[in-house]
Amino acid sequence: MTDMRKKHGDIYTVQAAGKFVTVLLDPHSYEAVLWESRSKLDFGQYARILMDRMFEVKLPDYDPNAEKVMMRMTLQNKNLPTLTKAMFFNLRTILLSDPDRASQQWKEEGLFHLSYSTMFRAGFLTLYGNEGKDYEDSRNQAKDLAFSLEIYTEFYKLDRLLMKAARSILSAAEKKEINSLRKHLWKLLSVKRLDCRANRSVWLDSYKQHLVDLGVDENMQTRAMLLQLWSTQSNAGPAVFWLLLFLLKYPSAMAAVQGEMEGIFRSRRQKIGQMHGISQEILDCTPIFDSALNEMLRLTAAPFITREVLQDMCLRLADGREYSLRKGDRLCLFPFISPQMDPEIYEEPEKFRYDRFLNSDGTEKTDFYKGGKSLKYYSMPWGAGINVCIGKFLAVNSIKQCVFLLLSYFDLELKDPKAAIPAFDKERYGFGMLQPEKDVIIRYKLKAQ
């Protein structure tokens, strides 16, 4: 796509697998697509194709935009503090109640496995509920550890095959394997089983009621629960991996983030080990962490923003050029190429600079330019417009809490500090957070408190 951009400019049309796809890579012109009427440009049609290919989910009268509007309130505003606190307790359970991890003996583990499993398991417990109501009951914690590990182990195997399923390129053996994995996870996530769990989130109960209102039977409800597990939990773990890897590779970044974190707790005379949650006021008071997080996302978040063209229309770009889009074709934005990795916008865009999104006075930097004009969309890891990620605020809170807990309770170091940062798994382009081609081994142990 980068080579095509050099040859043809910021907009071009390709024919791929029998489909004409117009690619737009001018961030000044993204606004025209992101806010266009759904009667002209629609995401729902492509979403339905992916839901069926990846999870065998078919929902009657499915409207992803209407669903987002309905579900947004369950993840934001008054429900956000409850979810954030639940995530804190569940992260502590996963990290500190497992004797295999919470040890003062050095242990080696893949950083990706540690990050993904921790965030996935804690996120699953936060949204889908616990074995018992009391987070701090040791018997409940043991059951939560066991069940969340069983779910994660099966899901991780499924996740290795989902990109091929989305592109319809599974081999016969892989089709057999993915069907077996889905069936096992459907048993684990059956709505009857979920109904018996304690501390279920408002999101879970609201989503189930939404499916009931659509007239979806119990079998399809269960399949939809697996779809939502992937939708809600597949990006935060990889994000924690990349952030921790960059911090471990760049000591100045680690020192700045740890110094900010320790200063916040010290100024409030608080210790994270004595807390029953991290307040939103503290989570919102981390400009250095926020800059490092935004820089990591700029480098590693690579979703396609896709629209089906529902009627012949004219697309007017920011510079006044007009292009005709044909009914039945597809329109695609890829913000990873521009703005995120655009050298005209970011100096040495391939390098991690933890303070890239900080002004000299320590405030958030939001002024970035292309062609001499200020950009509204200078980084788009969460999407934008009517399709912006509704779980963004919970995801950011969860990533912060996970990193805070890991850095507060554990000593972490790279087994081989000189090892190169791994390349991206190219299968993942277009589907959110990128994953590494191979894991990075770290050593860690519990600090003496």
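Begin by selecting Thr 306, which sits in strand E5, the run of residues 305-309; the model on your screen is a predicted one. With a relative accessibility of 6%, Thr 306 counts as buried, because that value falls under the 20% limit. Now display what surrounds Thr 306: once its neighbours within four places in sequence are set aside, its contacts are Phe 43, Tyr 46, Arg 330, Leu 331 and Cys 332.

Next, select helix H13 (residues 251-267) together with helix H17 (residues 392-409), whose axes lie 11 Å apart and which pack at an angle of about 90°. The two helices are therefore roughly perpendicular to each other. To see how they meet, show the side chains of Met 254, Val 257, Gln 258, Met 261 and Phe 265 on H13, and those of Phe 404, Leu 407 and Ser 408 on H17, since these residues make the contact. If you colour this set by residue class, six are nonpolar and two are polar, while none is charged.

The tour then turns to salt bridges, of which the model has 37. Select Glu 108 and Lys 415, whose side chains meet in one of them, with an N to O distance of 3.4 Å. Glu 108 belongs to strand E4 (residues 107-110), whereas Lys 415 is in the loop between strand E11 (410-414) and strand E12 (441-446), so this pair ties together parts that are 307 residues apart in sequence. Both ends count as partly exposed, Glu 108 with a relative accessible area of 43% and Lys 415 with a relative accessibility of 48%.

Which residues form salt bridges with Asp 159? Select Arg 160, whose closest N atom is 3.0 Å from an O atom of Asp 159, and then Arg 428, whose side chain meets that of Asp 159 at 3.2 Å, N to O. Arg 428 lies in the loop between E11 and E12 and Asp 159 in helix H7 (residues 138-166), so their salt bridge ties together parts that are 269 residues apart in sequence. Colouring by accessibility is informative here: Arg 428 and Asp 159 are both buried, with Asp 159 at 0% relative accessibility, whereas Arg 160, at 31%, counts as partly exposed.

For the last stop, select Arg 5, Asp 10, Asp 342, Glu 344 and Lys 370 together, which are joined into one network by salt bridges that share partners.

How values were computed:
Residues are numbered from 1 along each chain as its sequence is written. This is a predicted model: local features need pLDDT of at least 70, side-chain atom pairs count only at pLDDT 80 or more; totals for chains, interfaces and linings use all residues. Side-chain values use heavy atoms; hydrogens and water are left out. Axes are lines fitted to C-alpha atoms, for helices over the stretch in contact, and angles run from 0 to 180 degrees between N-to-C directions. Helices (H or I, at least four residues) and strands (E, at least two) are DSSP runs, numbered from the N terminus. Angles under 35 degrees count as roughly parallel, over 145 as roughly antiparallel, 65 to 115 as roughly perpendicular and the rest as oblique. Contact means heavy atoms within 4.5 Å. Ala, Val, Leu, Ile, Met, Phe, Trp, Tyr, Cys and Pro count as nonpolar, Asp, Glu, Lys and Arg as charged, and the others, Gly among them, as polar. Buried means under 20% relative accessible area, exposed over 50%, partly exposed in between (1.4 Å probe, protein chains only). A salt bridge is a side-chain nitrogen of Lys or Arg within 4 Å of a carboxyl oxygen of Asp or Glu.
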